[in-house]
Structures are given as structure tokens and as C-alpha cells.
Amino acid sequence: MPDLIVHPAERPLIGSVPVPADKSIAHRALLLAALATGQSRIRGGTLGGDVLSTVGALRAMGVRVEEPSPGDLVVHGAGLSGLRAPDGPIDCGNSGTTMRLLAGILVAQRFAARLVGDPSLSRRPMERVAKPLRLRGGRIEGQLDPRKIGEITAPLDIGPLPEPHVLSSIEHEIPVPCDQVKSALLLSGLYADGPTFVREPIVSRDHTERMLTALGVPIDSVGAMVCLDAARFSGALPAFELDVPGDLSAAAFLVAAAQIVPGSRVTARRVGLNPTRTGLLEVLRDMDGGVAVEIKGEALGEPTGDVHVAPASSGAGLRAGRAGGELASRAIDELPILLGLGARARGLTEVFDARELRSQETDRIAAMASVLGAFGLRCEERTDGLLVEGRPDRPLDAADVDSRGDHRIAMTAAVLGLAASGPTRVRDAGCIATSFPLFVGTLRALGARIEVEGARGSVSE
């Protein structure tokens, strides 16, 4: 696997750049297009490995997906009942979204399917989505996790739902906010004989609700409760066209890089600005960061616009920030890079109420404690978060960091390398292609100096 060699920034980062298509939106658009009647077109620009896993899964079930030009997908919908049994296991790669959302669709099918993933995905918890799907009549089994009693992991064996049964109505309360569990339940609700009620402690990402509403599915939301009323659903989804917005989670690394390299001016173009995803931008404003958003349009219920980063008007640099509760939920994927920003802020930056980080591609709390320590920073690892003491007055130590196969850990380490005293090595950086295939090339276009060593074909430059 390739390593990145990141050199300290010698000049400001300057430029206006695109970012990859929003994975969360692209996954859902592909799944709904496959279940629709007619031909849908999804334009997404650069597609990461996770989204390609969803494309592969749909093709395995007989859905015709064409790519007339790079990033331009044409999906020939099979209808709600048109999926067919795959010839073998469906490979979800590293994509938890692919696996969990597909589970919500597959429990309603008349055929059996097995979902598999790479070693990282095969360690991630799946009982949280399997349990409520079983409660409404679906069949879903996994491998018992020896690390935690009552937990299962992939491979998942799902279905078939025997004739003449259908999924029942359900009222389910999710103990920890999770948009993937909520989405799996709502997708299964398209096949149910009654309403699907889902409650969360706080609102998680609402991409599925927005998209279903835009396609005419009856969705009612009140606070952190959402309901899909099957009695008012026509039983068919229309085909659609969508230009997928850029991924704010990918833009976050460019925003952070521009914040920690003095004098930088960077714009990330046409980014998704869903309020359930903008927690990082709110925390960054509280940290006196020089960031502004410009709303420019909407795509299938999703607000879009540009994110501009410029030197803060105060001239004093970043101050420490805090993210917990709802803010932590709305910035869950961006918390590693938020801690990276804390490394260059005055005072103690704290992330809490984020135990979910321990169950992602890797244990991101432990991984970030290791990364920050490698750069010479003092931090305190906690059960549900991390505390880091910023060092804004002198360069960070040059570091040698193992990504642990996690794209967000790798990109956070690369950004921190721009503020180090010498070259930083990020090992096993091929995982970055999961979400931001052109990460290295984009940073280079802004003025960063980054080299790739080994297996060059697996990191786009």
C-alpha cells in the first residue's frame, strides 16, 4: 500500500476546487433509483470506492447501471419487486452504508442474499440494524462477535421473506443516533403493511427522509421522530435526475488545511449544506475560524453551495472548541479533523458524547490519540471522546503515522503534516480512495507539496 510524504507548507493554500460527490446522498440515490420505475440519471463527478460498492451490489441483483461518462450513472430501475437473487455473496467492500441500507431492502425480498465486506467492515457492529428488522418480520443473521455479547458482524445472511408474508409496522427507538439504522428501517417501510415510526435521542442525518419526500413518499417528521406511512404510499417510486452535491465531509479536510496554513484562501465548490451535516462549520465559527457558506441551490431536497475559507479577521488564530451532544452527532465524520484543528488552537479542544467513533472503520478515538501523540501533542483519551491541548505557537513534530486503514485518519494526519517541522509520513494511505480519490491532487492544486511512495496506482494524484 502507498505512503504519503507530506512536507510542511511553505506558502498559503490558494484556489477554488471541487470535492467528491457526497457519499451519503449518492448511496441513497442509487438505491432508490434501483427501486424506481424508469430510468434515473445520477451525476456525481468523482465517485469513491464506497459508492462503487453500492453500484456493484445493485448490478449483482440484476439492476442495469451504465456509466456513459466518468461519474455519470444511468440506473434502469427494477421497481420495488424487481430485484433478483444474486449468483453469490454481495461484496460491500468497506462501506457500512451499503451493507446497512441494503439490509433494509433485502429483508423484504423473496430471495436470500449474503452481504460480505472487507476485514474492516467485517468488524463493525450490525446488530443495531438487524434487531429492528427482525422485529418487523425480516430474517437476518450474522456472525457472533466474540468481543461483545449479543453483537453480530458480517457476513450477514438475509431473507428470504416467505410468501405470503409482508413486513409489519414498527415503532422503534434508536438508543444512539444513527442515520444508517434509521434509513434501513425507512427503506424496509416501503414494503410494510403499516407505518414505520423511528425515534432517536437527537436528529441524525436526514438525507433519506429528504430524498423520499422529494420522490413523493409520505414522510412526517416531528423533532427526532420520523414516520413513513405505508397506507399513503402509492407503491411505486418515480425515476429522477440528480446532480449529487459535493461531500462536506471531504471538504472538511480542505477547510482544515486552509485554517492551519497561514494566509490561505480556499473555496470548496457546490458542497452539500444539509443542516444535519454542518456541525463542524458551527464549531469552527466558535473557534474564530474564517469560514463562510454561500447557499446557491437545492438538489432533491438538499441545500447546496460554496464553502469559503479565509484568514480570520481577528488575526489571533484559532481558539479551542468543544463538540458534544447534537453538535457531535452532526459532525460525527468530521470529529477526527476537528481534533486536528484543535492541535493548532489556543487552549484545550474537547470532543465528547462521541462513543460511536469507537465503532467505525477503526476505533477513531484511540487512533486519533495515537496520531496527535505522534505529532508531539498532549491529549487525554476518554471513553466517549478526546481532549487535546493545542500548540499554535510552534510547528508540530514531524510524524510517522499509521492510517490503520481508515481514510479519515489518513487525511487528518496528512493535513497536520502541513503544520509540522519536517516531512511527515502517512502509512497505508490507499484507504483515502474510499472517499476522496483525488485528495493528493487537490491539495497539490492548492499549493501543498505531497509525494506518494509505493503502489502509486492506488492513490490518484
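User: Which residue in S15 does Ser16 stand opposite?
Analyst: In this predicted model, Ser16 stands opposite Thr267 in S15.

User: How do the two strands pair there, in the parallel or the antiparallel sense?
Analyst: Strand S2, residues 14-17, and strand S15, residues 265-272, pair in the parallel sense, with 4 bridges between them.

User: And what is the sense of the pairing between S15 and S17?
Analyst: S15 pairs with strand S17, residues 302-309, in the antiparallel sense over 5 bridges. Within that pairing, Gly272 has Thr304 of S17 as its bridge partner.

User: Moving on to the open sheet of 4 strands: what is the strand order?
Analyst: The order is S22-S23-S1-S24, and the pairing is mixed.

User: Why is one side of S22 and of S24 left without a neighbour in the sheet?
Analyst: S22 (400-402) and S24 (450-453) stand at the edges and have a single partner strand each, so one side of each lacks a neighbour in the sheet. On average, neighbouring strands of this sheet are turned by 20° against each other, with direction ignored.

User: How many bridges join S1 to S24?
Analyst: Strand S1, residues 3-6, is joined to S24 by 4 bridges, and the two run antiparallel. One of the residue pairs is Ile5 with its bridge partner Glu451 in S24.

User: What do S20 and S21 form?
Analyst: They form a hairpin with 2 residues between the strands. Strand S20 covers residues 379-382 and strand S21 covers residues 385-389, and their antiparallel pairing has 4 bridges. Arg382 has Gly385 in S21 as its bridge partner.

User: Now the interior. Which residues touch the most other members of the largest nonpolar core?
Analyst: That core has 80 residues, and those touching the most other members are Leu4, Val307, Leu335, Leu372, Phe375 and Phe439. Helix H7 gives the most to this core, with 11 residues. Another core, of 75 residues, lies apart from it and includes Cys92, Ala103, Ala192 and Val244. As background, nonpolar side chains tend to be buried together in soluble globular proteins.

User: Leu335 also belongs to H10. Is that helix mostly covered or mostly open?
Analyst: Helix H10, residues 335-342, is mostly covered, as 8 of its 8 residues are buried. The buried residues include Leu335, Pro336, Ile337 and Leu338, together with Leu339, Gly340, Leu341 and Gly342.

User: How many cavities of 30 Å³ or more are there?
Analyst: The count comes to 2 cavities of 30 Å³ or more. The largest has a volume of about 40 Å³, and the second largest holds about 30 Å³ of space.

User: Which residues line the largest cavity?
Analyst: The lining consists of Ala21, Ala26, Leu30, Ile42, Gly44, Leu47, Val51, Leu73 and Val244. By class, the lining divides into 8 nonpolar, 1 polar and no charged residues. Val244 of this lining is also among the members of the core of 75 residues.

User: And which residues line the second largest cavity?
Analyst: Leu248, Ala252, Val255, Leu280, Leu281 and Glu334 line the second largest cavity. These residues divide into 5 nonpolar, no polar and 1 charged.

User: Which helices each supply at least two residues of that lining?
Analyst: Helix H7 (248-260) and helix H8 (279-286) each supply at least two residues of the lining of the second largest cavity. The largest share, 3 residues, comes from H7. H7 is also the element that gives the most to the largest nonpolar core.

Definitions and conventions: Residues numbered from 1 in each chain as written. Predicted model: local features only at pLDDT ≥ 70, side-chain atom pairs only at ≥ 80, totals over all residues. Heavy atoms only, no water. Buried < 20%, exposed > 50% of the residue type's maximum accessible area, 1.4 Å probe, protein only. 1 Å grid on protein atoms, 1.4 Å probe; cavity = no way out; pocket = protein on both sides within 12 Å on 5 of 7 lines; lining within 4 Å. Points joined across faces, edges and corners; volume = space filled by probe spheres on them. Nonpolar A, V, L, I, M, F, W, Y, C, P; charged D, E, K, R; others polar. Core = buried A, V, L, I, M, F, W, Y, C linked by side-chain atoms within 4.5 Å. Pairing = 2+ DSSP bridges. Axes fitted to C-alpha atoms, helices over the stretch in contact; angles between N-to-C directions.
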